[in-house]
Amino acid sequence: MFKFNFQTEESSEVIDDAPSSASGLVAEAVMELGLEQAAKRYDFQMFPITENLSLLKSTLGSQEAEELLQDADCSGSDLVPGKYEGGFKLWEGAMDLAQYLCQHQGQLVAAQDAPPGLAFRGQKVIELGCGHGIPGLVALSQGAEVHFQDYNPEVLREVTAPSVLANWQAWQTRGSPAAPAAQNPPARFLGGPWAALDSFLAAEGLAGSYDLVLTSETIYSLSSMPYLLACIDTVREEGFQAIPEILYLGRAIGHVAICAPG
């Protein structure tokens, strides 16, 4: 279990989610979690994406999430800048992006002649601010290698990685071509702030290696926009595609502020 020691204060007027120097739930540097670190969970429900695809989703309750966060400021809140970025909640934008991937996958991949069930075969995908990782799971279900990144490592450990394992095992049981028997899912889990992601990817030889970048409802303040754009610039490969569904309108800013010039 990660230890939490939060120091950051939240402004009452301006939301600022620039990377915090506080230690605890989010690391200053990016840390990678292995599949063996995934929490042992058995509480999943089938979550329909389209008529032809349903995914297993963690049913982690709000009370358990609050206990995992171990911080009074995070109790009952979807977002606490500098501490918790909402990864335990499944946001509507993730569902929209997952459906988009299903409906337009033929336009998003380089190999137009991919066999059935492997539309994303040979593609390397990263989902930034993944939370439950539903869009990334769609790509994984079609043969992609997927790297799941979230601000909070505990979200990856308790929600994302267990969901990846549960779905992978279900696909193997059904004989899905995307999940060969006796193989682990081609997935990696990266926890930490966007500001530290470029150095981690460079050290791992991953900078500029991704064919597809996914992100949904990850921006709710202007201060975080440069970090997201810098991440996309770092991960992109020549000819890559970024599929963002990033606007969260329930906080201090909205579509007009995000899209305003300058």
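Which residue just after helix 3 takes a positive phi? I looked this up at the start: Gly-143 does, with a phi of about 95°. The model is predicted, and I read every value below as computed from it.

**Entry 1. Overall make-up**

I recorded the secondary structure of the protein chain as seven helices and eight strands. The chain has 262 residues, and buried residues make up 52% of them. I then took the contacts with a separation of 6 or more; residues 24 or more positions apart account for 69% of these.

**Entry 2. Helix 3**

I went back to the helix that precedes Gly-143. Helix 3 is mostly covered, as eight of its eight residues are buried. I listed them as Ile-134, Pro-135, Gly-136, Leu-137, Val-138, Ala-139, Leu-140 and Ser-141.

**Entry 3. A second positive phi**

I noted Ala-182 as a residue other than glycine with a positive phi, near 65°. Most residues other than glycine have a negative phi. I placed Ala-182 in the loop between helix 4 and strand 6. Is Ala-182 buried or exposed? Its relative accessible area is 85%, so I entered Ala-182 as exposed.

**Entry 4. Aromatic pairs**

I searched the whole structure for aromatic pairs and found two. In one of them, the ring centres of Phe-148 and Phe-189 lie 5.6 Å apart with the planes at 10°; because planes under 30 degrees apart count as stacked, I entered this pair as stacked. Phe-148 belongs to strand 5 (residues 145-150) and Phe-189 to strand 6 (residues 187-191), so the pair links distant parts of the chain, 41 residues apart. Both partners are covered: Phe-148 is buried at a relative accessible area of 0%, and Phe-189 counts as buried at 1%.

The other pair is Trp-168 with Trp-171, which I entered as edge-to-face, at 6.3 Å centre to centre and 70° between the planes. These two residues are three apart in helix 4 (residues 153-174), so about one helical turn separates them. Trp-168 counts as buried at 3% relative accessibility, and Trp-171 does at 2%.

**Entry 5. Nonpolar cores**

Which residues touch the most other members of the largest nonpolar core? I found Ile-49, Leu-55, Phe-148 and Phe-189, within a core of 34 residues. I then listed the elements that give two or more residues to this core: strand 2 (44-50), strand 3 (53-58), helix 2 (92-108), helix 3 (134-141), strand 5, helix 4, strand 6 and strand 7 (210-219). A second, separate core has 18 residues, including Ile-126, Leu-128, Leu-201 and Val-235.

I followed Phe-189 further and left aside its neighbours within four places in sequence. Phe-189 is in contact with Met-31, Glu-32, Leu-33, Leu-35, Phe-148, Leu-156, Thr-160, Ala-161 and Val-164.

**Entry 6. The second largest pocket**

How much space lies in the second largest pocket? I read about 150 Å³. Its lining consists of Leu-53, Gly-117, Ser-141, Gln-142, Trp-171, Arg-174 and Ser-176. I divided these residues into two nonpolar, four polar and one charged. Two residues of the lining appear in my earlier entries: Ser-141 is buried in helix 3, and Trp-171 is a partner in the edge-to-face pair.

Notes
Residues are numbered from 1 along each chain as its sequence is written. This is a predicted model: local features need pLDDT of at least 70, side-chain atom pairs count only at pLDDT 80 or more; totals for chains, interfaces and linings use all residues. Side-chain values use heavy atoms; hydrogens and water are left out. Rings of Phe, Tyr and Trp (its six-membered ring) pair if their centres lie within 6.5 Å; planes under 30 degrees apart count as stacked, over 60 as edge-to-face and the rest as tilted. Helices (H or I, at least four residues) and strands (E, at least two) are DSSP runs, numbered from the N terminus. Buried means under 20% relative accessible area, exposed over 50%, partly exposed in between (1.4 Å probe, protein chains only). On a 1 Å grid over the protein atoms alone, a cavity is a set of points where a 1.4 Å probe fits but cannot get out, and a pocket is an open set with protein on both sides within 12 Å along at least five of seven lines; lining residues have an atom within 4 Å of a point. Grid points are joined across faces, edges and corners, and a volume is the space filled by probe spheres set on the points. Ala, Val, Leu, Ile, Met, Phe, Trp, Tyr, Cys and Pro count as nonpolar, Asp, Glu, Lys and Arg as charged, and the others, Gly among them, as polar. A nonpolar core is a set of buried Ala, Val, Leu, Ile, Met, Phe, Trp, Tyr and Cys residues joined through side-chain atoms within 4.5 Å. Contact means heavy atoms within 4.5 Å.
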